[in-house]
Amino acid sequence: MKPKKNLTLYMIAPIAIVVVALVAWLFLGQRLEFGKPSFTSNGEIRTLGSQTSLNLTFADAKSGLAKTEISLVQDGKTIPLSTMAYPPGKYRNHSVSVVVDAAKLGLREGPAVLHITAKDNALFSNSIAVNRPVTIDFGPPQIFSPNMQNHINPGGTCVVVYRVSEPVIMTGITVDQLFFKAYPITLSGKPGFVSYFAMPMDAGSRPVNIRIVARDQGGNEASMPLPYLLMKETFRSDTMATSESFLQQKMPEFQAANPQLRGKTLLETFMYVNTRMREENNKTIQNVCRNTTPRQLWNGTFLRMKNASPMALFGDRRTYLYDGKPVGESIHMGVDLASTSQAPIEAANSGIVAYTGPLGIYGNAVIIDHGLGLFTLYSHLSSISVKSTQPVSRGGVIGTSGLSGLAGGDHLHFGMIVGDQFVNPQEWWDPHWIQDNVLRKMAVSF
């Protein structure tokens with residue numbers, strides 16, 4: 001009989017082990033793990049200054065986060081920045097943002113240590129502790145700009161070069177509330193920056209605040225006013241009759257392409273196209289022109305359409321009349337050029353195609369990136385012979401003129417954009433203007 005009893009025990013023991021393991025798994029879940037939590041930062045953390053944003057994302061994929069801490073240590077003193085406790089198993093990842101004002105925290109300029117810890121909800125509380133050396137810096141970067149006079153036309157372009165005293169995370173030109181990014185270049189063998197910016201068309205009627213700005217890795221920001229001499233520029237104003245035949249010719253195209261316009265009268269359609277659609281199209285152009293090659297792609301004077309007569313100029317203010325009554329306004333943000341029907345359209349300068357396709361009031365359009373925030377726009381085309389991201393050469397054919405979009409006759413609407421603002425193309429057709437206002441500045445030594 002004893003052998004049978006021992007056999008029973010041998011059979012029960014493995015089952016008991018399995019049961020105990022199953023119960024442990026049910027009660028402990030994923031707590032029985034040994035993986036440590038982790039964290040990532042939004043960019044390298046090297047310098048902390050007057051307004052530095054720390055953005056850390058903590059993660060633990062198994063048992064979840066239990067506690068995270070961020071602190072600064074300097075001269076043996078620990079300054080807490082963030083302490084967070086998490087409900088068990090609720091947070092597999094969590095982002096912590098802290099704005100560090102080193103001066104208010106009583107830190108001095110010089111070395112310090114950023115101390116980062118995290119614990120998870122595992123049975124044995126897996127944890128990490130990381131010490132990162134940082135530099136406390138309260139001093140803003142210095143900006144060095146050559147003593148050059150900037151002659152700027154309302155609605156025109158200005159090119160500025162300058163250097164800064166230390167690495168920066170943001171720099172460029174502010175024109176009132178607009179910001180034009182600067183790009184790294186070499187100036188007489190030294191690192192520097194160049195920025196193209198647009199002067200508002202109404203600059204002649206009000207003061208315009210233009211400044212060079214720079215922010216270092218510690219969040220310290222410097223700015224200095226940019227001296228300039230504003231030239232005189234007048235823009236034309238005229239009225240344009242909106243005829244019934246024009247509405248019958250063009251508005252059905254917009255109604256067919258935009259379901260929200262179906263059921264509206266031709267005049268109502270025109271008023272929508274000239275306002276809402278125009279705004280939407282210009283926003284699309286701005287979005288396209290926010291992505292630029294950070295180096296100069298163009299060379300020499302920009303080409304003007306061959307054998308073409310100007311039909312409308314940059315800055316023309318138009319009032320549209322229907323039956324003698326105003327039904328809308330617009331400001332012409334390019335130059336209309338007309339020659340023969342379906343004339344070949346050439347790239348004004350070398351660059352990379354940033355956009356091709358239909359673009360509302362502009363019809364079939366091509367946008368070319370010439371680097372450093374400078375773009376050209378070709379619209380109302382009847383055909384397009386290039387593709388997006390395709391490199392193009394100065395004078396290369398990109399399509400043919402037409403009357404797509406809101407064009408009443410076959411022509412090219414040619415526009416130039418700096419940053420995301422339209423500027424007067426006529427400056428870029430002038431070799432003397434380019435020499436004096438762009439190339440001479442790029443060659444300056446300071």
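User: Where is the place of L32?

Analyst: L32 sits in the loop between α1 (2-28) and β1 (38-41). Helices (H or I, at least four residues) and strands (E, at least two) are DSSP runs, numbered from the N terminus. A word on the source: this is a predicted model, where local features need pLDDT of at least 70, side-chain atom pairs count only at pLDDT 80 or more, and totals for chains, interfaces and linings use all residues. Residues are numbered from 1 along each chain as its sequence is written, and side-chain values use heavy atoms, with hydrogens and water left out.

User: How many disulfides does a search of the whole structure find?

Analyst: In general, a disulfide is a covalent bond between the sulfur atoms of two cysteines. The cut-off here is a pair of cysteine sulfur atoms within 2.5 Å. The search of the whole structure comes up with 0.

User: Why is there no bond for C158?

Analyst: Because its closest cysteine sulfur, in C289, is 19 Å away, too far for a bond. C158 is also buried, at 2% relative accessibility, and C289 counts as buried at 3%. Buried means under 20% relative accessible area, exposed over 50%, partly exposed in between (1.4 Å probe, protein chains only).

User: Which sign does phi of S125 have, positive or negative?

Analyst: As background, most residues other than glycine have a negative phi. Phi of S125 is positive, near 50 degrees. S125 belongs to the loop between β7 (110-120) and β8 (127-136), and is partly exposed at 42% relative accessibility. S188 has a positive phi too, near 55 degrees, in the loop between β14 (183-187) and β15 (190-198).
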